[in-house]
Amino acid sequence: IIYMGSDHAGYKAKDELKAYLKGKGYEVTDLGCFSEEPCDYPDIAREVGEKLSEIANSRGVLICGSGIGISIAANKMHGVRCALVYEPELVETAREHNDVNCVAFGARYVHVEKMKVMMDKFLETPFDGSTERHARRVEKMNNM
């Protein structure tokens, strides 16, 4: 299950990315926002974060203007490891080394076509839990 959320600045990119993921057969739940009316990104990050905390093996996608605020807000939630990403290689590293369950994009800085490439990396790259140092570090983050 993929939970998606955006503020008003990321609304159009979220809708396009949601259609892309549904077209690939993923189950996607949109938790808002649902228009370009101004809204507060911490509220959206909380909605997605709550679902990630409740639903095992779920993933989250958050989009705001820069990706910065929404990723900071998401990382305040227990059980959420959200990475602000802007290159496919960063997504791969975040999954392999940090077992991120959420990615954040900045709609004003990353074109939706690049977001699609990064989403594929996010959903297809496994966590390298066999490497003791990665597993140990993720466990330490989980206990914070």
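Here's a quick tour of this protein chain, from its overall build down to one helix and one ring. Keep in mind that the model is predicted. The chain contains six helices and five strands, and from the N terminus they come in the order β-α-β-α-β-α-β-α-β-α-α.

**Overall build**
- For 144 residues, a compact globule should have a radius of gyration near 15 Å, and this chain's 14 Å agrees with that.
- Its C-alpha atoms fit in a box of roughly 45 × 25 × 25 Å along the principal axes.
- Of the 144 residues, 47% are buried.
- Take the contacts between residues at least 6 apart in sequence: 68% of them link residues at least 24 apart.

**A closer look at helix 1**
- Helix 1 covers residues 11-23, and at 1.5 Å a residue its 13 residues should span 18 Å; the end C-alpha atoms are indeed 18 Å apart.
- Which residues of helix 1 are buried? They're Tyr11, Ala13, Lys14, Leu17, Lys18 and Leu21.
- Looking down the helix axis, those buried residues fall within an arc of 150 degrees, so they line one face of helix 1.
- That buried set packs against strand 1 (2-6), strand 2 (28-30), strand 3 (59-64), strand 5 (102-106) and helix 5 (112-124).
- Over on the other side of helix 1, Lys12, Ala19 and Gly23 are exposed.
- After helix 1 comes Gly25, with a positive phi near 95 degrees.

**Rings**
- Arg59 has its charged end over the ring of Phe122, 4.9 Å from the ring's centre.
- How many aromatic pairs does a search of the whole structure find? Zero.

How values were computed: Residues numbered from 1 in each chain as written. Predicted model: local features only at pLDDT ≥ 70, side-chain atom pairs only at ≥ 80, totals over all residues. Heavy atoms only, no water. Phe/Tyr/Trp six-rings, centres within 6.5 Å; stacked < 30°, edge-to-face > 60°. Lys NZ or Arg CZ within 6 Å of the ring centre and 35° of its normal. Helix = DSSP H or I, 4+ residues; strand = E, 2+ residues; numbered from the N terminus. Expected span 1.5 Å × (residues − 1). Buried < 20%, exposed > 50% of the residue type's maximum accessible area, 1.4 Å probe, protein only. Arc of directions from axis to C-beta. Contact = heavy atoms within 4.5 Å. Rg over C-alpha atoms; globule rule 2.2 N^0.38 Å.
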